[in-house]
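Here's a quick walk through one model, strand by strand and then residue by residue. Have the structure open and follow along.

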Amino acid sequence: IPVPVFDLVVFGATGDLSHRKLLPALYWRERDQQMPSGSRIIAVARTRFSTAEYIAQIEAACREHVPADSFQEDVFARLAERITYVPLDVSRDADWSALKAALAGGEDRARLFYLATSPDLFGPICRGAGAAGIVTEKSRVVLEKPIGRDLASAIRINDEVGAVFEESQIYRIDHYLGKESVQNLLALRFANSLFEAVWDRAHIDHVQITVAETVGVEDRAAYYDRSGALRDMVQNHLLQLLCLVAMEPPTSMDADSVRDEKLKVLRSLRVIRDGEAVQKIVRGQYRAGAVAGRTVPGYLEELGHPSRTETFVALKAEVENWRWAGTPFYLRTGKRLPTRVSEIVIQFHKVPHSIFPRTAGPIEPNRLIIRLQPDDGIQLALMAKDPGPGGMRLRLAPLDIRFADAFKVRYPDAYERLLMDVVRGNATLFMRRDEVEAAWRWIEPILEAWRQSDEPPKPYIAGSWGPTAAIALIERDGRTWFEDS
Ligand code: BG6
C-alpha cells in the first residue's frame with residue numbers, strides 16, 4: 001500500500017533499537033519500494049560525526065540484521081541517499097537550528113519524530129522541537145516504551161509531550177501490536193463466527209499467556225536493572241495481549257473503537273494488593289545454568305552488583321466483568337527460559353460427563369493455542385478416536401495451521417508495519433494515553449508491595465521454566481502450565 005511522502009527524524013539514531021530494528025525496517029520498506037521518492041530520514045544523536053560516518057555504521061547494522069541473501073547493495077544505496085545525520089544536544093540552540101535546516105522544504109509533508117531514546121528525554125526533546133518551530137500540523141511523534149517507570153512518571157511524560165503535541169499526533173509504540181501474529185488474533189476472533197460464540201466464562205476454563213525468552217540481559221543490564229520483567233514486559237506486551245483476548249468486539253478497526261475496548265479490560269482488572277502481591281505473584285531472578293546447551297552466567301554476574309530486580313514474573317490476573325468472571329488469565333514471562341516462545345493458550349472446559357469406558361483413557365479439555373512466535377500459527381487440540389479395531393480409545397489430535405506454510409510470504413517485522421502506520425496516520429495499533437496510564441495504575445500496587453517487602457526474587461536456574469513457585473501458582477488452582485516443547 002503506498003504511503004505519502006514523509007520526513008522521519010529519528011532521535012537516538014545510534015542506539016541499539018535504531019541499529020537492530022528501525023534502520024533494518026526502513027531497509028525492507030526500501031526494498032519493497034514502499035518509500036515514496038523524496039522522503040528523507042534525519043538521524044539524530046549526541047555523538048558528533050558526519051553523515052558518511054553514520055551511514056557506514058548503519059550499513060554494518062543492516063548487514064548484521066538483514067539476512068545476507070536479502071541484503072542488496074543498490075537498495076541500501078537508495079536508503080543511504082535519504083539519510084542526513086544531525087548531531088544534537090537538546091540544550092544547544094545551534095543544534096536545533098541545524099535540525100531545522102535539515103527539514104527545510106518539508107513543511108507540508110507528514111513529519112515524524114521517532115523518539116528511540118530514554119523516556120527521560122521525551123519531555124526535553126518535545127520542548128526543544130516546539131521551541132525550534134519544527135512541529136508542524138502534519139507532525140507526529142512516536143514514543144518508544146517504556147513510558148515512564150511508574151504511574152507518576154508516565155503522567156509527567158504524557159503531560160510534557162502533550163504540551164507540544166495533540167493526543168491525535170502521539171503514537172505510543174508497543175511493538176507486540178505490530179506483530180503479524182498478534183493482529184491475526186483480531187482476525188481469528190472477529191473474522192470468524194466460530195470462536196466468538198464460545199469466547200466467554202461459560203466455555204473457557206482459563207487463559208495462559210506465556211512470553212518466554214532464552215536471552216539474558218547481556219549488554220542491556222544497566223537499563224534492565226532499573227526496570228525488571230514487570231515493567232519491561234508485563235505492563236505493556238503481556239497486558240496488551242490480555243486485552244486483545246479479553247476485549248469486547250469493537251464496532252470497527254478504527255483506532256478509538258479498538259482502544260476504548262482495550263481500556264475497558266484494563267479497568268476491569270482486579271487490583272492485586274499488599275500481601276497478595278507478595279504471596280501470589282512469583283518473581284524470579286536467574287542464576288547460572290545452561291540454555292540450549294550453552295552455559296550462561298547468572299543475572300547478578302552479568303550485572304556485577306547485588307540486585308533485587310526480577311527477570312521472571314508469573315501471576316494470575318482476573319478480569320472482573322460478565323464475560324470473564326471466574327475465568328483466570330495466567331501470565332508469565334522471563335529471560336533465560338528453556339526456549340523462545342510466545343503463545344496464548346485458551347483452555348476450554350472439560351466435557352460435563354463422559355460416556356466412554358475407563359479403558360478409553362482420559363478426555364482432555366479442548367485447547368486453542370495461538371502461537372505468536374516462532375512459527376506463528378494456530379492449533380486446536382481436539383479429542384479423537386485412536387484408529388484401529390481395538391475398541392474405543394481416545395487421544396488428542398491437533399488441527400494445526402502454520403501461517404508460514406499457509407501463506408508463503410515473508411513476514412514483515414513489527415516495526416515495518418508500525419512505521420508505515422504512523423506515516424499513514426493510522427493509530428489503531430498504538431496505545432492511547434489513558435490505556436498506558438490504566439496499565440500503570442494496575443501495576444503500581446504490585447510495585448509498591450514489592451518495595452515494602454523484604455523478600456527477594458526467587459532464584460531459578462537459567463534454562464528452567466522459572467522458580468518452582470510459578471508451577472505452584474497455577475497448580476493451586478488445579479491447573480498446569482501448557483508446555484509443548
Ligand atoms: C522489549 C523488551 O520490549 O521486548 C525486551 O524491552 C524483550 O526485554 C523484547 O527482549 C522482546 O521482544 P520480541 O519481539 O523479541 O519478543
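Which residues of β13 are buried on one side, and which on the other? Keep in mind that this is a predicted model. On one side you'll find V341, E343, V345 and Q347, and on the other S342, I344, I346 and F348, all of them buried, so both faces of the strand are covered. Put as a count, eight of the eight residues of β13 (residues 341-348) are buried, so the strand is largely enclosed by the rest of the structure.

**Who β13 pairs with**

β13 has antiparallel pairings with two strands, β7 and β14. With β7 (residues 204-212), there are eight bridges, and the two strands run antiparallel. H206 is a handy marker here: its bridge partner in β13 is Q347. Then there's β14 (residues 367-373), joined to β13 by six bridges, again antiparallel. In this pairing, V345 of β13 stands opposite I369 of β14.

**The parallel sheet**

Now swing over to the open sheet of six strands. Its order is β3-β2-β1-β4-β5-β6, and the pairing is parallel. At the edges sit β3 and β6 (170-172), each of which pairs on one side only. On average, neighbouring strands in this sheet are turned by 20 degrees against each other, ignoring direction.

Within the sheet, β1 (residues 6-11) runs parallel to β4 (residues 110-115), with six bridges joining them. L8 has L112 in β4 as its bridge partner. Helix α1 packs on the sheet, where it touches β1, β2, β3 and β4, and its direction makes about 170 degrees with that of β1. Helix α3 (residues 73-82) lies across β2 and β3, and runs at about 45 degrees to β3.

Here are the three strand pairings discussed so far, side by side.

| Strands | Bridges | Direction |
|---|---|---|
| β1 (residues 6-11) and β4 (residues 110-115) | six bridges | parallel |
| β7 (residues 204-212) and β13 | eight bridges | antiparallel |
| β13 and β14 (residues 367-373) | six bridges | antiparallel |

**A loop after α1**

Q34 is in the loop between α1 (16-31) and β2 (40-45). Is Q34 buried or exposed? Its relative accessibility is 10%, and because the cut-off for buried is under 20%, Q34 counts as buried. Setting aside residues up to four places away in sequence, Q34 touches I1, V3, R29, M420 and R424.

**The annotated positions**

An unreviewed UniProt entry carries a "binding site" annotation that covers R46, D89, V90 and K145. Of this set, K145 is part of the lining of the second largest cavity.

D89 sits in the loop between β3 (83-87) and α4 (93-103). With 25% relative accessibility, D89 counts as partly exposed. Neighbours within four places in sequence aside, D89 is in contact with R46, R48, D95 and W96; R46 is also covered by that UniProt annotation.

K145 is in a loop too, between β5 (139-143) and α6 (151-162). What is K145 in contact with, leaving aside its neighbours within four places in sequence? The contacts of K145 are I173, Y223, D232, N236 and H237. For D232 there's a distance to look at: its backbone oxygen lies 3.1 Å from a polar atom of the K145 side chain.

Notes. Residues are numbered from 1 along each chain as its sequence is written. This is a predicted model: local features need pLDDT of at least 70, side-chain atom pairs count only at pLDDT 80 or more; totals for chains, interfaces and linings use all residues. Side-chain values use heavy atoms; hydrogens and water are left out. Helices (H or I, at least four residues) and strands (E, at least two) are DSSP runs, numbered from the N terminus. Buried means under 20% relative accessible area, exposed over 50%, partly exposed in between (1.4 Å probe, protein chains only). Contact means heavy atoms within 4.5 Å. UniProt positions are given in the numbering used here, feature names are shortened, and annotations may be inferred rather than shown by experiment. On a 1 Å grid over the protein atoms alone, a cavity is a set of points where a 1.4 Å probe fits but cannot get out, and a pocket is an open set with protein on both sides within 12 Å along at least five of seven lines; lining residues have an atom within 4 Å of a point. A polar contact is a pair of N or O atoms within 3.5 Å; within protein, one must be able to donate a hydrogen and the other to accept it, and residues adjacent in sequence count only if both atoms are side-chain atoms. Two strands pair if DSSP finds at least two bridges between them. Axes are lines fitted to C-alpha atoms, for helices over the stretch in contact, and angles run from 0 to 180 degrees between N-to-C directions.
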